[in-house]
Amino acid sequence: MIRIHQEGFRILLQTLIGLGIINALVNWLSDLAWLENSVLVLSLIVYLLVLQFFRNPRRYPPQGEDIVIAPADGKIVAIEEIEESEYFKKKMLQISIFMSPLNVHVNRYPVSGNVTYSQYHAGAYLVAWHPKSSTLNERTAVVVKTPNGVEVMHKQIAGAVARRIINYAKPGSKAIQGADCGFIRFGSRVDIVLPLDANILVKVGDKARGGEQILAELK
């Protein structure tokens, strides 16, 4: 049984109605059985593609105050030291995960704690793997303070195709590790910003599994 994310309900209904209208018009205007069957098959393929995009599989996150889990499915494209200028104002470690249109697009909290910062930024739509997409693209930035007092940031970054970022995190709210924190439509990137002394447990090229895979340990 495919679980569907709440962000997909309206779009799936609109897609179903639109495809139904197209098929009804083709059947009404054409007497060609091959054309009617072709449109029906194409419609089913389109609907299944949209359906798989909004899938929301169950994940079973490991729990721990000192571990950071992947906030998204995708490929780890960068692990680097950065000068974080928005919130921390100092050097930090950043892990970047690229989400293709075929990945699960649910975003999940990498740590548990209190949301201390949540900000939306309008911006450009560079391809998500561009080095400057983290600072120039449309994005959100969320900081969660763990029970041990360590603050971890995650950023949802729009890409050339993704034009809709949904962020559920509100300042003062509780974050639960592995729980939904947002959604990005049609492929993009998620960055995780950690203290310099964090112990990174993944490498560039690894496949991330959102809500389950441990990316790093905090000290």
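**Figure 1. The largest nonpolar core of the predicted model.** In this predicted model, the largest nonpolar core comprises 23 residues, of which I192, L194 and L215 touch the most other members. Two or more residues of this core are contributed by each of the elements β3 (90-99), β6 (139-145), β11 (188-194) and β14 (214-217). A second core, separate from this one, holds 10 residues, including V50, F53, V104 and F183.

**Figure 2. The surroundings of I192.** When residues up to four places away in sequence are left aside, I192 touches V68, P71, L93, Q94, I95, I97, V152, M153, H154 and L215. One of these contacts, H154, stands opposite I192 in β11. The strand that contains residues 151-157, β7, pairs with β11 in the antiparallel sense over five bridges.

**Figure 3. Strand β11, covered on both faces.** Seven of the seven residues of β11 are buried. In a regular strand the side chains alternate between the two faces of the sheet. On one side of β11 lie S188, V190, I192 and L194, and on the other R189, D191 and V193; the residues of both sets are all buried. β11 is joined to β3 by seven bridges, and the two strands run antiparallel. In β11, D191 has S96 standing opposite.

**Figure 4. The open sheet of eight strands.** The order of the strands is β9-β5-β6-β7-β11-β3-β2-β13, and their pairing is antiparallel. The edges are formed by β9 (174-175) and β13 (207-208), each of which pairs on one side only. Strands of a sheet pair through backbone hydrogen bonds, either parallel or antiparallel. At the β13 edge, two bridges connect β2 and β13 in the antiparallel sense. Here K75 stands opposite K207 in β13.

**Figure 5. Aromatic pairing of F54 and F183.** Five aromatic pairs are found in a search of the whole structure. One of them, F54 with F183, is stacked, with 5.5 Å centre to centre and 10° between the planes. F54 lies in the loop between α2 (33-53) and β1 (67-69), whereas F183 belongs to strand β10 (residues 180-184), so the pair ties together parts that are 129 residues apart in sequence. F54 has a relative accessible area of 0% and is therefore buried. F183 is likewise buried, with a relative accessible area of 0%. Together with F53, the residues F54 and F183 form one aromatic cluster.

**Figure 6. The tilted pair Y87 and Y117.** The rings of Y87 and Y117 form a tilted aromatic pair, 5.0 Å centre to centre with 45° between the planes. Y87 is located in the loop between β2 (74-84) and β3, and Y117 in strand β5 (residues 113-121); the pair links distant parts of the chain, 30 residues apart. With a relative accessibility of 25%, Y87 is classed as partly exposed. Y117, by contrast, is buried, its relative accessible area being 18%, because the limit for a buried residue is under 20%.

**Figure 7. Helix α1 and its buried face.** Helix α1 (residues 9-29) has 21 residues, which at 1.5 Å a residue should span 30 Å; the end C-alpha atoms are 30 Å apart, in agreement with this expectation. Its buried residues are I11, L12, T15, L19, N23 and V26. Seen down the helix axis, the buried residues of α1 fall within an arc of 95°, so they line one face of the helix. An α-helix has 3.6 residues a turn, so residues three or four places apart point the same way. The cover over the buried residues of α1 includes α2. The exposed residues F9, L13, W28 and L29 are carried on the face of α1 turned away from its buried side.

**Figure 8. T146 in the loop between β6 and β7.** T146 is placed in the loop that lies between β6 and β7. Its relative accessibility is 4%, so T146 counts as buried. Not counting residues up to four places away in sequence, T146 touches E65, V111, S112, G113 and L218. T146 and N114 are 32 residues apart in sequence, while their C-alpha atoms are 6.7 Å apart in space.

Terms used:
Residues numbered from 1 in each chain as written. Predicted model: local features only at pLDDT ≥ 70, side-chain atom pairs only at ≥ 80, totals over all residues. Heavy atoms only, no water. Core = buried A, V, L, I, M, F, W, Y, C linked by side-chain atoms within 4.5 Å. Buried < 20%, exposed > 50% of the residue type's maximum accessible area, 1.4 Å probe, protein only. Helix = DSSP H or I, 4+ residues; strand = E, 2+ residues; numbered from the N terminus. Contact = heavy atoms within 4.5 Å. Phe/Tyr/Trp six-rings, centres within 6.5 Å; stacked < 30°, edge-to-face > 60°. Pairing = 2+ DSSP bridges. Expected span 1.5 Å × (residues − 1). Arc of directions from axis to C-beta.
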